[in-house]
Amino acid sequence: MALTLAEWLAPCPLVAILRGLTPEEAIPVGEALVGAGLRVLEVPLNSPEPIESIRRLATHLGDRALVGAGTVMTPAQVEAVAGAGGRLMVTPHADPALVRAAKAAGLLAAPGFFTPAEAFSLLAAGADALKLFPAEAASPAVLRALRAVLPPGTLVLPVGGMAADTIGPWRAAGAGGFGIGSSLYKPGDAAALVGERARALVETLHGG
């Protein structure tokens, strides 16, 4: 039986956002991240040849990681991600139609939201998690207030400005995971460096 997004995030609540990743970098960077303990990898579709990177990661990592796409904007992109072996769709915005398309294609869906109205419409469409974006414009206090009205167990993942020194208060407010972008990977970074950063983040999460 396929794992839920919560199950994928249970060992390590970090989602690696690999914006700018190239197909040539995909496997070494993916291996470095999985080796550090991360299990969820997202290739934004405004990266170079993102579908090919997703295909390589999904094929190489298999069941060791949940590989998917971010910055998904159209149903056709959902189909392309699914065709490449991706199993996760992340959007920057609240579009219930994309959530329904993702679920129809067998993908987990973590759409972006910023307001309670958006959150409830996305959950009604079948979202598996909600991406609070841009988190820089919100706060842990906002997340705490949202969690008071969202259904119990709703996975909320703050994205934007997440780093080792900012995760703690969000976690205390009830974040179920975090999207980590430039503090983990920037275009052209060596896989070894990405792995070092990932290990440092994991150690921070575990109180190391």
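## Terms and model

Helices (H or I, at least four residues) and strands (E, at least two) are DSSP runs, numbered from the N terminus. One such run is helix H7, which covers residues 140-149 and contains valine 142. The structure described here is a predicted model.

Valine 142 has a relative accessible area of 33%. Buried means under 20% and exposed means over 50%, so valine 142 counts as partly exposed. Along the chain, valine 142 and leucine 184 are 42 residues apart, and 25 Å separates their C-alpha atoms.

## The sheet of six strands

Strands of a sheet pair through backbone hydrogen bonds, either parallel or antiparallel. One open sheet in this model has 6 strands in the order S5-S4-S3-S2-S1-S9, and their pairing is parallel. Strand S5 (108-110) and strand S9 (178-180) are the edge strands; each has a single partner strand, so one side of each has no neighbour in the sheet. From one strand to the next, the twist averages 25°.

The pairings can be followed from S1 to S4. Strand S1 (residues 14-17) runs parallel to S2, and 3 bridges link S1 and S2. In this pairing, valine 15 lies opposite valine 40 of S2. S2 is also parallel to strand S3 (residues 66-70), and here there are 5 bridges. Across from glutamate 42 is glycine 68 of S3, and across from valine 43 is alanine 69 of S3. Alanine 69 also has methionine 89 as its bridge partner in S4. Strand S4 (residues 88-90) and S3 form a parallel pair with 2 bridges.

## How helices connect the strands

Which elements form right-handed β-α-β units? One unit consists of S1, helix H2 (residues 23-36) and S2. Another is made by S2, helix H3 (residues 50-61) and S3. A further right-handed unit joins S3, helix H4 (residues 75-83) and S4. S2 therefore belongs to the unit with H2 and to the unit with H3, while S3 takes part in the unit with H3 and in the unit with H4.

## Buried strands

Is strand S2 (residues 40-44) largely enclosed or open? Of its 5 residues, 5 are buried, so S2 is largely enclosed by the rest of the structure. In a regular strand the side chains alternate between the two faces of the sheet. In S2, Val40, Glu42 and Pro44 are on one side, and Leu41 and Val43 are on the other. These residues are all buried, and both faces of S2 are covered.

S3 is mostly covered as well, with 5 of its 5 residues buried.

## The sheet of three strands

A second open sheet has 3 strands in the order S6-S7-S8, again with parallel pairing. Its edge strands are S6 (112-113) and S8 (156-158); each has a single partner strand, so one side of each is left without a neighbour in the sheet.

Strand S7 (residues 130-132) and S8 run parallel and are linked by 3 bridges. Leucine 132 is placed opposite proline 158 of S8.

## The cavity

How many cavities of 30 Å³ or more does the structure hold? It holds 1. The volume of the largest cavity is about 90 Å³. Its lining consists of 13 residues, and those nearest the centre are Val15, Glu42, Val90, Ala110 and Leu157. S1, S2, S4 and S9 are the elements that each give two or more residues to this lining.

By class, the lining of the largest cavity has 10 nonpolar residues, 1 polar residue and 2 charged residues. Glu42 is among the residues nearest the cavity centre, and it is buried in S2.

## The pockets

The largest pocket holds about 270 Å³ of space. It is lined by 19 residues, with Ile17, Arg19, Val159, Gly181 and Ser182 nearest its centre. What classes of residue line the largest pocket? There are 8 nonpolar, 6 polar and 5 charged residues.

The second largest pocket has a volume of about 160 Å³. Ala2, Leu3, Thr4, Trp8, Leu66, Arg87, Gly106, Leu107 and Leu108 line the second largest pocket. This lining divides into 6 nonpolar residues, 2 polar residues and 1 charged residue.

Key: Residues numbered from 1 in each chain as written. Predicted model: local features only at pLDDT ≥ 70, side-chain atom pairs only at ≥ 80, totals over all residues. Heavy atoms only, no water. 1 Å grid on protein atoms, 1.4 Å probe; cavity = no way out; pocket = protein on both sides within 12 Å on 5 of 7 lines; lining within 4 Å. Points joined across faces, edges and corners; volume = space filled by probe spheres on them. Nonpolar A, V, L, I, M, F, W, Y, C, P; charged D, E, K, R; others polar. Buried < 20%, exposed > 50% of the residue type's maximum accessible area, 1.4 Å probe, protein only. Pairing = 2+ DSSP bridges. Right-handed = clockwise from strand over helix to strand, strands pointing away. Axes fitted to C-alpha atoms, helices over the stretch in contact; angles between N-to-C directions.
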